[in-house]
Amino acid sequence: MTTITANADTENTPETYDISRIKNYRSLPRTNGEISFDVEWVLGDTTREPLSNLAYTDENGDEVVNIFIKPILIDFKRTAINFPRNRRNCLFCSNKVHNGNLICNGDTEEYGWLELLN
Ligand SMILES: [Zn+2]
């Protein structure tokens, strides 16, 4: 297990959501089929949050994901591209995805921006 820890200087912007760290297991849990993260909050409690709880629309209307989750997703993307033939499930449901994608067709309209992360 690796852990991403907040820098002490990190401001509590909407992008940090007051998260102090996120546990990044090799095999992440799923909530109703959706990939989820165990989030340790600044106030000390830990909750399991599905990915959609950690993405939001910023002041420019752009869809963005929490800064602690982003490197994990970029890593997923890199792995998916490098191993496009591996069987994997959509990040948001139990549908199978192929060819280096992270999201199934049904979830592309809402979350397609995730595929563009870089
Ligand atoms: Zn899906």
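Author: Two strands count as paired if DSSP finds at least two bridges between them. The model discussed here is a predicted one.

Reader: How many residues lie between S4 and S5 in their hairpin?

Author: S4 pairs with strand S5, residues 46–50, in the antiparallel sense, over five bridges. Two of the facing residues are Glu 40, opposite Thr 46, and Ser 36, opposite Pro 50. In the turn of this hairpin, Gly 44 has a positive phi of about 110 degrees. The number of residues between S4 and S5 is four.

Reader: Which residue of S4 stands opposite Ile 22?

Author: Ile 22 falls within strand S2, which spans 19–24. S2 and S4 are antiparallel partners, with four bridges between them. Across from Ile 22 in S4 stands Val 39.

Reader: Which element gives the largest share of the largest nonpolar core?

Author: That core has 19 residues, and Ile 22, Ile 69, Leu 91, Phe 92 and Ile 103 have the most contacts inside it. Two or more residues come from each of strand S2 (19–24) and strand S4 (34–41). The largest share is three residues, and the element that gives them is S4.

Reader: What is the bridge partner of Thr 31 in S4?

Author: S3 and S4 run antiparallel and are joined by two bridges. They form a hairpin with two residues between the strands. Thr 31 has as its bridge partner in S4 the residue Glu 34.

Reader: What is the phi of Asn 32?

Author: Most residues other than glycine have a negative phi. Asn 32 sits in the loop between strand S3 (30–31) and S4, where the two strands form their hairpin. Its phi is positive although the residue is not glycine, with a value near 50 degrees.

Reader: Is Asn 32 buried or exposed?

Author: The cut-off for an exposed residue is 12 or fewer other C-beta atoms within 10 Å. Asn 32 has 9 C-beta neighbours inside 10 Å, so the residue counts as exposed.

Reader: Where is Asn 99 found?

Author: Asn 99 is another residue other than glycine with a positive phi, near 55 degrees. Its place is the loop between strand S9 (96–97) and helix H2 (105–111).

Reader: Why is Asn 99 classed as exposed, and how many other C-beta atoms lie within 10 Å?

Author: A residue is exposed if 12 or fewer other C-beta atoms lie within 10 Å of its own. Asn 99 meets this cut-off because the number of other C-beta atoms within 10 Å is 8.

Notes: Residues are numbered from 1 along each chain as its sequence is written. This is a predicted model: local features need pLDDT of at least 70, side-chain atom pairs count only at pLDDT 80 or more; totals for chains, interfaces and linings use all residues. A nonpolar core is a set of buried Ala, Val, Leu, Ile, Met, Phe, Trp, Tyr and Cys residues joined through C-beta atoms within 7 Å. A residue is buried if 20 or more other C-beta atoms lie within 10 Å of its own, exposed if 12 or fewer, and partly exposed in between; C-beta atoms are placed from the backbone.
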